Amino acid sequence: MDLEKLLQKHFGYPSFKTGQKEVITSILSGRHTLAILPTGTGKSLCYQFPGLIFPGQVLIISPLLSLMQDQVEQFKRYGEKRVVAVNSFLSFEEKQFVLKNLMKYKFIFLSPEMLQVPVVIQKLKEITISLFVVDEAHCISQWGYDFRPDYSKLGEIRKQLGNPLTLALTATGTRKVREDIIETLGLTEVTKVEASVDRPNIALYVEKVSDYREKESRVLELVSKLRKPGIIYFSSKKSAEQIAQLLANKKLCKVGVYHSGLDQDTRILIQQQFLHDQLDVICATSAFGMGVNKENIRFILHYHMPMQMESYLQEIGRAGRDGNPSIACLFYAPGDEMLPVQLAEGELPSEQQIAWLFQRLVHAEINFQELKELGGFSDVQWRIVETFLHQANENSDFKGIQESFLKFVKERLQVKRSYITQMKKWIDSCYCRRECLLQYFEETLTVKVPQCCDYCGIEFQVYQEMNQELVTQQTEETWQEYLEKILT
Ligand SMILES: [Zn+2]
């Protein structure tokens, strides 16, 4: 089979990206496959391609509802109409219709919570699943930074569906996480395709500043000088808005804000404006970027440190998809690590919330929606709560379940804290950033790139706007001084 010819014919690409061909060949030869492919390498082709050749259906489990919708739209744009997403966005009637007509679809996207519904499993048993795809497979691992309890049941579900051929996809994962994925899914004889996490065309730069004021002025300075478009990542919505306002007031760039606090329409609008070059900088939280396929992003700034190396890697990986020189700059001010700790704690229900919840369970009829609102649970917290509520529904040992819930929260906090510590360690490291980053992912640096990191030396001119001469003499001087400072 001439895979390149098929690729050209069906998808219009002349060649495969790193890792794609290996994954597709492995799947076509009927082997379970674990693929670690960096973001931007076209993971969906890895199941779309075999799907065209296999007679049966392709089932794709994906944890992110918005990403799922994006993918369905993308499939449709490329002319694949036999695609559907079964998730909570569908009305009851729509769900009924889709489940009745599952046979007619080739690609079926499912959220993990839909797989908890017995009738869905029943319907899935009636079709021929040629390929079972687990996207964002690191969510399976309890050692992963984004462990989702409903993902841990996928092994059991896979068994119920007759152990179909499986493809587990993720962008990153330490060895421990990879082993956990294979074990939980119950896979034997797995082909592993592991592309390097290194992105040689992205220079890595970290700067420690003394306080927020200095950070602010450094970010404004860099944004005014660096070639655009770019993204500035924040851990707080408020800071994202403040800096965007400053950039707009100073007319430094055409800037937009993106975070989960904005309504869906605004978010789509901002994303579209950025994609079509009407905005050149986005001040965003980590909510921005999934499914954004923009090739020419030239810089990623981190105003706050991410919660883990995996997120950092994923976020900087949005730069330079066209292969041209790009730069990632992270700013650190003393105490910055407190913010991710707070965020980690906020993602989990508190001890008080859990105690309140179980008190309610003992008496009344359980109305999930009401419990969620009265208990003040966020969506992220509720996803975890639901798993334990399902257990409480099946088993009346509330005390036992409550204890295991508390134990779970404690363990998750510990895992998350250790990820933050690792991130901080990288910021504090005193040798090549790239080498250190690769070490974290158990890789070794083989080829040294000329524009590597703040330790190996970066020529900032490479990343500056062409018309820098227009910048006033004075700022030009401070910029030169600055360059000298970091290069000597
Ligand atoms: Zn280096």
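## Empty space inside

Picture a 1 Å grid over the protein atoms alone: a cavity is a set of points where a 1.4 Å probe fits but cannot get out, and its lining residues have an atom within 4 Å of a point. This is a predicted model, where local features need pLDDT of at least 70 and side-chain atom pairs pLDDT 80 or more, while totals for chains, interfaces and linings use all residues. Residues are numbered from 1 along each chain as its sequence is written, and side-chain values use heavy atoms, with hydrogens and water left out.

There are three cavities of 30 Å³ or more. The largest comes to about 80 Å³, a volume being the space filled by probe spheres set on the grid points. Its lining includes P38, T39, R199, E310 and L313. Four lining residues are nonpolar, four polar and two charged (Ala, Val, Leu, Ile, Met, Phe, Trp, Tyr, Cys and Pro count as nonpolar, Asp, Glu, Lys and Arg as charged, the others, Gly among them, as polar).

The second largest cavity holds about 40 Å³. Around it sit six nonpolar, no polar and three charged residues. β8 (202-208), α12 (309-316) and α18 (433-440) each give at least two residues to that lining; helices (H or I, at least four residues) and strands (E, at least two) are DSSP runs, numbered from the N terminus.

## The zinc site

Four cysteine sulfurs hold the zinc ion: C432, C452, C453 and C456 each give an SG atom, at 2.2 to 2.4 Å (donors are N, O and S atoms within 2.8 Å of the metal, or 3.2 Å for Na, K and Ca). The arrangement is tetrahedral because the donor atoms subtend angles of 99 to 119 degrees; the rule for four donors is that all angles lie between 85 and 135 degrees.

C432 is buried at 6% relative accessible area, while C456 is partly exposed at 35% (buried means under 20%, exposed over 50%, partly exposed in between, with a 1.4 Å probe and protein chains only).

## Salt bridges

The count is 22 salt bridges, each a side-chain nitrogen of Lys or Arg within 4 Å of a carboxyl oxygen of Asp or Glu. One of them joins E442 and R175, at 3.9 Å from N to O. That pair links distant parts of the chain, 267 residues apart.

R178 pairs with E194 at 2.8 Å. R178 is in helix α8 and E194 in strand β7, so the bridge ties together parts 16 residues apart in sequence. K43, D135 and E136 form a network of salt bridges.

Notes. On a 1 Å grid over the protein atoms alone, a cavity is a set of points where a 1.4 Å probe fits but cannot get out, and a pocket is an open set with protein on both sides within 12 Å along at least five of seven lines; lining residues have an atom within 4 Å of a point. Four donors count as tetrahedral if all angles lie between 85 and 135 degrees; four count as square planar and six as octahedral if opposite donors are over 155 degrees apart and all others between 65 and 115; anything else is irregular.
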